[in-house]
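Grab your viewer and work through a few exercises on this chain. Try each task before you read its solution.

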Amino acid sequence: MRLATTLLATILALCAAPALAQSLEQMAGQMIIVGFAGDSVDDKGVAAVRKQVSDGTIGGVMYLKTNVASRSAVAAMNDAFRKAAPADLPPFITLDQEGGLVERLGSAVGFKEIPDAETIAAEYTAEQSRSIYEQLARGVRDWGFNVNFAPVVDLAVNPNNQVIAKYGRAYGKTADVVSEYVAQVVAAHHDAGLLTSLKHFPGHGSSTADSHEGFVDITRTWKPTELDPYRALIAKGYDDFVMVGHLIDTEIDPTGLPSSLSPVWIGSVLRGQLGFAGVVITDDLEMGAIRDHYGLEETVKRAVRAGVDVLLFSNTAKPRAALGAEVRKILVDTAESDPEFKARIEESYKRIVALKARIRN
């Protein structure tokens, strides 16, 4: 029995070896997802990121509405992205397709839209919502995506919230209600072979400002119950992505760092208290809350040291094809002179490889 167990362990290690035995440059590249210019496979911006996927400069791409001209164009780009990557490390091909007003694919390009979370929770039970999200997930998959940055697990505790309540993005005010619907969204996506992302950790529903515009201080509004949907999903084994917002709570982290750059929020709370073992991704690092206060190099270093695994850049603040290469250079240069930083990259790379192994399309 011991021999069989040892043999199995050896086989598994050998199977994992090609992905794990990578250079520092290749490991760092897998930590980067960027937006891009263009809506056709022949566009220069698309060709540039396709080459970066091929070279291992970046680990994935993010779509905005400006990238979506038609189903055939999107499918062609996504097929090119997939073919450019190593077989054992497919690119994360991502978008925000929540339903309602937050979507990249809409009826104008032939995608069947669904209502926002608030409407679904008002009109359907959690069990009834499953078929709606199965339809959504199959559509996203069929267009060639493998990651949907959904569901929103924020609690709608502030009716005047500019980011969540205003757009009907929350399923309810209580953790129990939100957790029921979120579980159905995740299950529907998994059945379709897609990865998901719980967002916006540690909770954007009580905020009074918009992190797209600048710092959002939730010190006086945030409640520990906003962690409960994360706790419930993680306790049941959820280990896809958790997207960390740019939220400040000086009672939790007295340094005043936004949660996306905070070792307290990511290391102590998300990893430690909640036991999350999956991949931590930032919200867009080009939002005003970050870019107005931190330069690119400081942002990258702080995020990785805080425990972030994947750095997300919409590439809209100062659009350029070279952004992914710039971020990777920061990662590699820092790691070459800082063993602890290099260890963080290696740790993140292992999590990313494990998650990419679950991609089915």
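## Exercise 1: a glutamate in a loop

Leaving aside neighbours within four places in sequence, E226 is in contact (heavy atoms within 4.5 Å) with L155, P202, G203, H204, G205, S206 and T221. A quick note before going on: this is a predicted model, where local features need pLDDT of at least 70, side-chain atom pairs count only at pLDDT 80 or more, and totals for chains, interfaces and linings use all residues. Residues are numbered from 1 along each chain as its sequence is written, and side-chain values use heavy atoms, with hydrogens and water left out.

Task: work out where E226 is found, and whether E226 is buried or exposed.

Solution. Start with the address: E226 lies in the loop between β6 (216-217) and α8 (228-235). Helices here are DSSP runs of H or I with at least four residues, strands are runs of E with at least two, and both are numbered from the N terminus. Next, check the accessibility: with a relative accessible area of 2%, E226 is buried (under 20%; exposed is over 50%, partly exposed in between, using a 1.4 Å probe and protein chains only). Last, try a distance: E226 and N148 are 78 residues apart in sequence and 22 Å apart in space, C-alpha to C-alpha.

## Exercise 2: α7 against α8

Task: find the angle at which helix α7 (residues 175-191) and α8 pack, and list the residues that meet.

Solution. First the geometry: the two pack at an angle of about 45°, with their axes 9 Å apart. Axes are lines fitted to C-alpha atoms, for helices over the stretch in contact, and angles run from 0 to 180 degrees between N-to-C directions. So α7 and α8 are oblique to each other; under 35 degrees counts as roughly parallel, over 145 as roughly antiparallel, 65 to 115 as roughly perpendicular, and the rest as oblique. Now the residues: A175, V178, S179, V182 and A183 in α7 meet D228, P229, A232 and L233 in α8.

## Exercise 3: α11, α12 and the core

Task: describe how the axes of α11 and α12 cross, then follow L331 into the nonpolar core.

Solution. Helix α11 (residues 296-306) and helix α12 (residues 323-337) have axes that come within 10 Å and cross at roughly 60°. That makes α11 oblique to α12. L296, E297, V300, K301, V304 and R305 in α11 meet L323, E326, V327, I330, L331 and T334 in α12.

Now for the core, meaning a set of buried Ala, Val, Leu, Ile, Met, Phe, Trp, Tyr and Cys residues joined through side-chain atoms within 4.5 Å. The largest one has 104 residues, and those with the most contacts inside it are Y63, F201, L311 and L331. Setting aside neighbours within four places in sequence, L331 is in contact with A28, M31, I32, V300, V304, L311, F341 and I345. A second, separate core of 5 residues includes V152, A156, V163 and I164.

## Exercise 4: backbone oddities

Task: say which peptide bonds listed here are cis, and what phi N315 has.

Solution. Take the bond from A150 to P151: cis, with omega near 10°. P151 sits in the loop between β4 (147-148) and α7. The bond from K199 to H200 is cis too, with omega near 5°, and H200 is found in strand β5 (residues 195-201). Finally, N315 has a positive phi of about 60° although it is not a glycine. N315 is in the loop between β10 (311-313) and α12, and at 10% relative accessibility N315 counts as buried.
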